[in-house]
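User: Could you take a close look at the ligand site in this one? I'd like to know what surrounds the ligand and what kind of pocket holds it.

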Amino acid sequence: MLKIAVLVSGGGTNLQAIIDSIADGRITDTKIEAVISNNPKAYALERAKKAGIEALCISPKSFESRADFNAALLDAVNERQVDLIVLAGFMVVVPEAMIRAYRNRIINIHPSLIPSFCGTGYYGLHVHEAALKRGVKISGATVHFVDEGTDTGPIIMQKAVEVHSDDTPEVLQRRIMEQAEWQIMPQVINLIAHDRVHVVDGKVMIGEK
Ligand code: GRF
């Protein structure tokens with residue numbers, strides 16, 4: 001049984017896709033141990049509670065220093081003995097100690113085809129604004145392992161989505177969520193639950209069981 005913690009900051013539609021996929025059997029042998037938000041107002045926390053999952057808020061504002069917040073976040077994950085940390089719209093820089101302790105056991109979803117439109121400053125609607133400004137005809141989403149860089153870890157899965165000439169950043173964001181993010185995040189979790197994802201020489205190999 002793969003035990004996961006899902007870290008969130010906002011609406012939690014990717015969290016919902018994971019919850020729904022466990023419920024309908026697209027993800028098997030997996031349990032969400034806890035949903036952790038840095039933002040007390042994140043609707044993702046409500047989604048977790050509705051699904052009967054432990055929902056907790058660890059806000060940097062409740063701590064005297066960033067180091068104290070980072071330690072509390074790592075403690076919370078360690079205490080729950082999870083195998084995988086899923087960043088699903090988590091808008092906080094992951095503490096280096098967490099990256100070291102969970103090497104190739106933290107995954108993130110980014111709403112573009114990495115290496116396009118990623119790295120520092122490319123988050124939320126900024127990603128889609130940049131894609132539209134450049135005039136790309138295809139964008140998409142990427143699930144990758146988290147390393148010390150920003151969006152630089154090994155790529156696990158990507159899915160392309162068409163860009164339309166009349167798209168606004170909001171419309172493109174929604175299409176990428178519906179057609180890519182909500183599909184590939186559950187698929188990757190299911191592959192990891194069945195030990196099919198391995199990193200070899202910095203690259204991900206999807207293998208047979
Ligand atoms: C998604 O677009 C994700 O790719 C990005 O943040 C957004 C999270 O949305 N990292 P939600 O909270 O899952 O609805």
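Analyst:

**The ligand and its pocket**

Let's start with the side chain of Thr13: one of its N or O atoms is 2.6 Å from an oxygen atom of the ligand. Keep in mind that this is a predicted model, so side-chain atom pairs count only at pLDDT 80 or more. Glu181 makes a similar kind of contact, with an N or O atom of its side chain 2.8 Å from a ligand oxygen. At Gly11 the backbone does the job instead, where a polar atom lies 3.4 Å from an oxygen of the ligand. As for burial, the ligand on its own has 370 Å² of accessible area, and the protein covers 87% of that.

Now the shell as a whole. Going by a 4 Å heavy-atom cut-off, the residues around the ligand are Gly10, Gly11, Gly12, Thr13, Asn14, Gly89, Ile109, Pro111, Met177 and Glu181. By class, that gives three nonpolar, six polar and one charged residues, with glycine counted as polar. Two helices stand out by name here: α1 and α6 each supply at least two residues of the shell.

Zooming out a bit, the ligand sits in the largest pocket, which holds about 920 Å³ of space. The elements giving two or more residues to its lining are α1 (13–24), α4 (96–101), β5 (106–110), β6 (138–145) and α6 (169–193). So which residues lie nearest the centre of the largest pocket? They are Phe90, Met91, Asn108, Tyr123 and Asp151, out of a lining of 40 residues. Sorted by class, the lining of the largest pocket has 15 nonpolar, 20 polar and five charged residues.

One more stretch may interest you for backbone geometry: the loop between β5 and α5 (125–134), where Pro115 is found. The peptide bond joining Ile114 and Pro115 is cis, with omega at about 15 degrees. Phe117 is also placed in the loop between β5 and α5, and its phi is positive, near 50 degrees, in a residue other than glycine.

To pull the ligand contacts together: a ligand oxygen is 2.6 Å from the Thr13 side chain, one is 2.8 Å from the Glu181 side chain, and one is 3.4 Å from the Gly11 backbone.

Technical notes:
Residues numbered from 1 in each chain as written. Predicted model: local features only at pLDDT ≥ 70, side-chain atom pairs only at ≥ 80, totals over all residues. Heavy atoms only, no water. 1 Å grid on protein atoms, 1.4 Å probe; cavity = no way out; pocket = protein on both sides within 12 Å on 5 of 7 lines; lining within 4 Å. Points joined across faces, edges and corners; volume = space filled by probe spheres on them. Helix = DSSP H or I, 4+ residues; strand = E, 2+ residues; numbered from the N terminus. Polar contact = N/O pair within 3.5 Å; in protein donor to acceptor, adjacent residues only side chain to side chain. Areas by Shrake-Rupley, 256 points an atom, 1.4 Å probe, with all protein chains shown as cover. Sits in = over half its atoms within 2 Å of the grid points.
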